[in-house]
Structures are given as C-alpha cells and as structure tokens.
Amino acid sequence: MLSITSIKKGIVIDHISPGMGYEIFKLLELEKADYRVALIINASSEKFGRKDLIKIENEIDLDLRALGILDDQLTINIIEDEKISRKIIVELPDSFEGIFTCKNPRCVTTSERDMVQRFTLVDKSQKLYKCDYCDHLLNMEE
C-alpha cells in the first residue's frame with residue numbers, strides 16, 4: 001500500500017475529480033517547486049469512490065479558491081502543526097485573474113506583457129467566462 005506522510009505546514013487540495021489532479025498540478029506549476037509536493041492520482045474516497053489529491057508542504061501566493069474553475073467539488077485544507085487549521089470549500093468564482101490567458105489574438109493582453117488577465121462569469125451553468133478586456137468567451141467545460 002502506498003503511504004504518503006502528513007505535512008507539518010502547507011496545503012492539501014483534496015477531493016479533486018479523478019484525472020484533474022495533474023491539470024491542477026500543471027496550472028500551479030508545481031513541477032518547478034523546490035519544496036515537497038505529492039500528487040496522488042486515483043486514491044480511494046468514501047465520498048466519491050475515487051479522487052486525486054495534492055499535498056504541498058509550503059504556502060502558495062495564489063487565490064486557491066479560483067481552482068473552483070477547474071473543479072468545483074474540491075476542498076482546500078490549510079495545514080498547521082500537522083492538523084487542518086482551515087478548510088476552504090471552493091465554488092465557481094464570479095471572477096478571477098492571472099490563471100488563464102485570453103485566446104483572442106487581438107486582445108490587448110496578448111501584446112501588453114505586464115497586464116493581468118481578468119475574466120468574469122457570464123453563465124454559471126455552462127462555466128462560461130468573458131475576458132474583461134475584449135469580451136472573448138472562455139468555456140471552462142471544454
């Protein structure tokens with residue numbers, strides 16, 4: 001049986017839908033981390049049957065609630081002294097920035113290097129966002 005030890009201080013992203021763990025791992029660029037990170041794929045889950053999870057022994061300077069864009073079923077546990085000090089239940093955010101890029105080649109954010117990409121939710125049922133600069137649509141279901 002695979003055994004991953006607990007972490008003293010950091011973040012556990014739990015209840016990730018099977019197959020989405022690697023996508024979140026890439027999005028957070030955890031392959032570049034110089035601290036301990038564990039990506040567990042297809043772990044057993046009493047609640048969902050199977051799940052992915054990520055353990056990060058460090059703090060990340062990112063609004064992790066925005067991960068609800070990729071998977072609105074996951075939970076984020078903040079760990080201190082090997083215990084959960086805070087649990088964040090994610091949901092589809094009304095807006096987010098700095099996570100995805102606009103696919104419109106004429107968007108000002110593609111030519112201006114230091115502009116932060118911002119998107120606003122326009123249709124919750126379809127997970128549809130629009131770029132705040134050019135109104136190009138970004139469908140998170142695709």
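Let's start at one spot in this predicted model: S95 stands opposite T120, a residue of strand β7. From here we can follow the chain outwards. The strand β6 pairs with β7, which covers residues 118-123, in the antiparallel sense, and three bridges join the two.

Now step back to see the sheet around them. It is an open sheet of four strands, running in the order β6-β7-β8-β9 with antiparallel pairing. Its edges are β6 (95-97) and β9 (137-139), each of which pairs on one side only. On average, neighbouring strands here are turned by 30° against each other, direction ignored.

Next, look at the aromatic rings. Searching the whole structure gives four aromatic pairs. One of them is formed by F96 and F119, whose rings are stacked, with 5.3 Å from centre to centre and 25° between the planes. This pair links distant parts of the chain, since F96 sits in strand β6 and F119 in strand β7, 23 residues apart. F96 has a relative accessible area of 6%, so it is buried. F119 counts as buried too, because its relative accessibility is 1%.

F96 has another partner to visit. Its ring centre lies 4.9 Å from that of Y129 and the planes stand at 75°, so this pair is edge-to-face. Because F96 belongs to strand β6 and Y129 to strand β8 (residues 128-131), the pair ties together parts that are 33 residues apart in sequence. Both F96 and Y129 are buried.

Finally, put the rings together: ring pairs link F96, F100, F119 and Y129 into a cluster.

Conventions:
Residues numbered from 1 in each chain as written. Predicted model: local features only at pLDDT ≥ 70, side-chain atom pairs only at ≥ 80, totals over all residues. Heavy atoms only, no water. Pairing = 2+ DSSP bridges. Axes fitted to C-alpha atoms, helices over the stretch in contact; angles between N-to-C directions. Phe/Tyr/Trp six-rings, centres within 6.5 Å; stacked < 30°, edge-to-face > 60°. Buried < 20%, exposed > 50% of the residue type's maximum accessible area, 1.4 Å probe, protein only.
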